[in-house]
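Please go through the structure below with a focus on two helices, one loop residue and one surface patch. The notes that follow take them in turn.

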Amino acid sequence: MSPKTDNPSLQVNLGSLKLKNPVIAASGTFGYGEEYSGIIPLGSLGAIVTKGLSLEPRKGNPPPRLAETPAGMLNAIGLENVGLEIFLQEKLPFLRKARCPVLVNIFGSTVEEYAELAKRLSAVDGIAGLEVNISCPNVKAGGAIFAAEPKTVYKVISKIRRATSSFVMVKLSPNVADIGKIALAAEEAGADAVSLINTLTGLAIDVQTRTPVLGNITGGLSGPAIKPIGLRMVWQAAQVVRIPVVGIGGIVTAKDALEYLIAGATAIQVGTAHFIDPRAGLKIIDGIQRYLQANNFPDVASLVGSLKIKKDTGQPT
């Protein structure tokens with residue numbers, strides 16, 4: 001056990017990107033930060049990932065677009081967003097004052113659109129890097145299509161890598177057969193980190209009308225229900241890549257975050273929990289620090305990937 005410390009460091013490094021703590025506000029659940037700024041100090045977070053951004057504005061899917069489920073939520077927003085130009089003019093000036101790194105989540109319908117977005121954003125001040133969404137299940141063009149096969153992941157990330165020298169993190173889908181091969185393809189293509197998991201495709205039905213609850217018919221399931229799947233996939237990805245892994249999926253409490261860190265995540269993202277409690281991220285930061293103090297860890301990095309497994313049986317010790 002490491003020497004006892006009363007003030008363990010929460011700083012983590014995602015490649016060249018340094019975060020004061022490992023708790024990141026997840027894309028799609030934190031808007032552009034403005035909605036939360038009157039409730040929490042944004043600078044207390046490790047980083048913010050903006051709502052998904054495309055070259056042109058998108059209206060998204062028809063309503064209803066949200067449905068509550070046991071231990072989770074289905075959404076089919078369809079990547080509604082203001083588009084690049086309005087983002088630069090109206091959203092980014094506020095984000096530059098956030099006092100924490102801002103990552104812009106980007107997506108496109110074609111490989112060329114991804115690369116164009118990456119190129120144009122790389123020349124803009126106030127953006128610490130990109131999270132490349134190749135895994136949204138709620139759009140017909142692009143989205144999860146790019147995340148389904150290692151060769152398509154390699155193709156789109158290679159194109160983006162050539163278009164920008166900025167930090168690039170790739171958001172992966174759980175709707176694949178082998179997450180390790182997908183993560184490796186992202187690494188080999190030049191990604192600086194991978195984040196996982198995005199939502200799982202789900203369906204809710206109104207039994208009175210016998211119709212789908214969501215206007216898009218299917219949606220993406222998030223929240224506590226998907227945590228065991230996220231943990232399993234983060235652990236599997238962390239076994240095969242050398243770049244940092246960022247864990248996402250059902251993180252509501254500090255205990256949830258600690259499980260992801262122990263599984264191999266260097267940092268974590270909080271999504272659906274912020275809809276329930278806008279201060280969830282701050283509470284998780286405090287909980288991680290108290291755990292490190294109570295268990296004599298000098299820093300959060302000492303905890304990352306510390307899952308104990310018996311080599312002879314494959315079972316936990």
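Which strand holds Ile 205? Ile 205 sits in β12, which covers residues 205–206. The model is a predicted one.

**Surface patch**

Ile 205 is exposed: its relative accessible area is 54%, and the cut-off for exposed is over 50%. Ile 205 also helps form a nonpolar surface patch of about 410 Å². The other members of that patch are Leu 203, Val 207 and Ile 217.

**Two helices**

The table sets out the spans of α4 and α6.

| Helix | Residues | Number of residues | Expected span | End-to-end C-alpha distance |
|---|---|---|---|---|
| α4 | 150–163 | 14 residues | 20 Å | 20 Å |
| α6 | 227–240 | 14 residues | 20 Å | 21 Å |

For α4, the computed distance agrees with the expectation at 1.5 Å a residue. For α6, the reach of 21 Å is close to the expected 20 Å.

Which residues of α4 are buried? They are Val 153, Val 156, Ile 157, Ser 158 and Ile 160. Their cover includes two helices, α3 (111–122) and α5 (179–188). Strands β8 (129–133) and β9 (167–171) are also among the elements that cover them.

In α6, the buried residues are Lys 227, Gly 230, Leu 231, Met 233, Val 234 and Ala 237. Helices α5 and α7 (254–263) are among the elements covering them. Strands β10 (193–196) and β15 (245–248) also contribute to that cover.

**Lys 227**

Lys 227 belongs to α6. Is Lys 227 buried or exposed? Its relative accessibility is 14%, so Lys 227 counts as buried; the cut-off is under 20%. The side chain of Lys 227 makes a polar contact of 2.8 Å with the side chain of Glu 259. Leaving aside residues up to four places away in sequence, Lys 227 touches Gly 249, Gly 250, Lys 255, Asp 256, Glu 259 and Tyr 260.

**Ala 189**

Ala 189 is placed in the loop that runs between α5 and β10. Ala 189 is buried, at 7% relative accessible area. What does Ala 189 touch, not counting residues up to four places away in sequence? The contacts are Tyr 154, Ile 157, Ser 158 and Arg 161. Of these, Ile 157 and Ser 158 are listed among the buried residues of α4.

One distance completes the picture of this loop residue. Gly 281 lies 92 residues from Ala 189 along the chain, and their C-alpha atoms are separated by 31 Å.

How values were computed
Residues are numbered from 1 along each chain as its sequence is written. This is a predicted model: local features need pLDDT of at least 70, side-chain atom pairs count only at pLDDT 80 or more; totals for chains, interfaces and linings use all residues. Side-chain values use heavy atoms; hydrogens and water are left out. Helices (H or I, at least four residues) and strands (E, at least two) are DSSP runs, numbered from the N terminus. The expected span of a helix is 1.5 Å times one less than its number of residues. Buried means under 20% relative accessible area, exposed over 50%, partly exposed in between (1.4 Å probe, protein chains only). Contact means heavy atoms within 4.5 Å. Patches are made of residues with over 30% relative accessible area and no salt bridge: like charges are joined within 9 Å, nonpolar side chains (Val, Leu, Ile, Met, Phe, Trp, Tyr) within 5 Å. Accessible areas come from the Shrake-Rupley method with a 1.4 Å probe; for residues, only the protein chains shown count as cover. A salt bridge is a side-chain nitrogen of Lys or Arg within 4 Å of a carboxyl oxygen of Asp or Glu. A polar contact is a pair of N or O atoms within 3.5 Å; within protein, one must be able to donate a hydrogen and the other to accept it, and residues adjacent in sequence count only if both atoms are side-chain atoms.
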